[in-house]
Amino acid sequence: MKDKADKPKVGLVLAGGGARAAYQVGVLKAIAELLPPDISNPFPILSGTSAGAINATTLAIYAPCFREGVRRLVYVWRNFHVHQVFRADAFGVIANGLRWFAVVVLGGLGQRNPHSLLDRTPLRRLLYKTLPFVKIQDAINAGVLHALSITASGYSSGQSVTFYQGVSSLATWKRARRVGSAANITINHLMASSAIPFVFAAEKINREYFGDGSMRQIAPISPALHLGADRVLVVGVRLESETLSSRTETNEYPSIAQIAGHVLNSIFLDSLEGDIERLLRINKTIGLIPAEQLREAGVTLRNVDVLVIAPSENLEKIAARHAHHLPRTIRYLLRGLGFLNRNGSNLVSYLLFERPYCRELIDLGYKDAMTRKDEIVQFLEVPSE
């Protein structure tokens, strides 16, 4: 057996996707069952964006006991209600709606202008209650965590900023429109990284307001590599075999819901698929060049093994089946904007923080991971009993 110091550092990349991130929890549940019960975090490098940032942070906090961290994630996600994430009561929704109406009719309310469609105050309370952030550094000091990274998008700078907390030897980085910045991860980083544009309010960190980390994140796998990952497990939130729809002639103008769904897919899903394709292409190219020539040319690129686990079913269709579980006030709001129609259920798949939907996604993630258990065990180099 390899010594722990000699083993390749495995990075876990958890992408964004709102309520779709329940699928990640199912995958993690399966992995926890495939590992020895008392094992510490098998992913020295944790990289999360949007809702995936919350999952990654939970794993970092409970890094000394991986199964305990997963257990806590499963408990929260299997018992989720919308009101734990954003205000869904009639007064809150109507008051916010009236403010938006006043902005349109009266030309603005000055400092009282609404910042988002929905109020996420309940999520902030939930995170304060359940996540002891001080334990992140404890895990690093104990040697069971190399680094945790959370990515958010700066509205002023236009940069994709990866905030990371890790061992002292890590160095910041700067690339085109993306930077890595050392920080002590707090609730503000999670709120910023998961602030879906227009839907949830931006969060101020230091001098700048930040929104959802999936925006302008052209290389979602990159933070894990900058932090030293030798191989990467990526958990996606879109049907793995999903193909592009064929172009058909239509005379009907796209609804607000269709346009919004298209934008959300571009933000949350497309960049991850593109980055995986780019990584595989680089691996193939490097494999064709002798190592000696790479060294002589000063090429620092290296082969990075990647394992991708993605849904075997369409999550948008699953969301459409469970949309009726949303609170009446939210259904009324979304129906008025066309989001509960056949072509508009995409946003629902991101906002449906309700038990039946989340539980089905957890079960799907668990099933998909278990069908590939041999690959996972080999990838993580799980010791035989």
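**Exercise 1. Determine where Arg71 and Glu68 lie and how many residues apart they are.**

Step 1. Arg71 and Glu68 both belong to helix α3 (residues 66-78). Helices here are DSSP runs of H or I with at least four residues, strands are runs of E with at least two, and both are numbered from the N terminus.

Step 2. The two residues are three apart, about one turn of the helix.

Step 3. This is a predicted model, in which local features need pLDDT of at least 70 and side-chain atom pairs count only at pLDDT 80 or more, while totals for chains, interfaces and linings use all residues. Residues are numbered from 1 along each chain as its sequence is written, and side-chain values use heavy atoms, with hydrogens and water left out.

**Exercise 2. Work out which residues are linked with Glu68 in a network of salt bridges.**

Step 1. Side chains of opposite charge can pair when their charged atoms come close. The criterion for a salt bridge is a side-chain nitrogen of Lys or Arg within 4 Å of a carboxyl oxygen of Asp or Glu.

Step 2. Arg71 meets Glu68 in a salt bridge with an N to O distance of 2.8 Å.

Step 3. Arg72 also forms a salt bridge with Glu68, and the closest N and O atoms are 2.8 Å apart. Arg72 and Glu68 are both in helix α3, four residues apart, about one turn of the helix.

Step 4. Glu68, Arg71 and Arg72 are therefore linked in a network of salt bridges.

Step 5. For accessibility, buried means under 20% relative accessible area, exposed over 50%, and partly exposed in between (1.4 Å probe, protein chains only). Arg71 is partly exposed at 47% relative accessibility, Arg72 is partly exposed at 34%, and Glu68 is partly exposed with a relative accessible area of 23%.

**Exercise 3. Locate the two residues of the salt bridge between Glu313 and Lys367.**

Step 1. The side chains of Glu313 and Lys367 meet at 3.5 Å, N to O.

Step 2. The pair links distant parts of the chain, with Glu313 in the loop between β10 and α11 (315-322) and Lys367 in helix α14 (residues 355-370), 54 residues apart.

Step 3. Glu313 has a relative accessible area of 32% and is partly exposed; Lys367, with 40%, is partly exposed.

Step 4. By the rule for salt bridges, the count comes to ten.

**Exercise 4. Describe the surroundings of Arg120, which has no salt bridge.**

Step 1. Arg120 sits in the loop between α4 (90-106) and α5 (121-130).

Step 2. Arg120 is buried, and the nearest side chain of opposite charge, Glu203, is 5.2 Å away. In this assignment Lys and Arg are positive and Asp and Glu negative, with His and the chain ends not counted.

Step 3. A polar atom of the Arg120 side chain lies 2.6 Å from the backbone oxygen of Met191.

Step 4. Contact means heavy atoms within 4.5 Å. Not counting residues up to four places away in sequence, Arg120 touches Val85, Phe86, Met191, Ser194, Ala195, Phe200 and Ala201.

**Exercise 5. Assign the buried and exposed residues of helix α6 (residues 134-141).**

Step 1. Ile136, Ala139 and Ile140 are buried. Seen down the axis of α6, the buried residues fall within an arc of 100°, so they line one face of the helix. The arc is taken over the directions from the helix axis to the C-beta atoms.

Step 2. Val134 and Asn141 are exposed on the other side of α6.

Step 3. The cover over the buried residues of α6 includes α2 (51-61), β3 (147-154) and β4 (160-166).

Step 4. Just after α6, Gly143 takes a positive phi of about 80°.

**Exercise 6. Establish how strand β9 (residues 231-235) is enclosed and which strands pair with β9.**

Step 1. Five of the five residues of β9 are buried, so the strand is largely enclosed by the rest of the structure. Arg231, Leu233 and Val235 are buried on one side, and Val232 and Val234 on the other.

Step 2. Two strands pair if DSSP finds at least two bridges between them. Strand β1 (residues 10-14) pairs with β9 in the parallel sense over five bridges, and the bridge partner of Val13 is Val234.

Step 3. Strand β10 (residues 305-309) also pairs with β9 in the parallel sense over five bridges. Here the bridge partner of Val234 is Val308.

Note on methods: A polar contact is a pair of N or O atoms within 3.5 Å; within protein, one must be able to donate a hydrogen and the other to accept it, and residues adjacent in sequence count only if both atoms are side-chain atoms.
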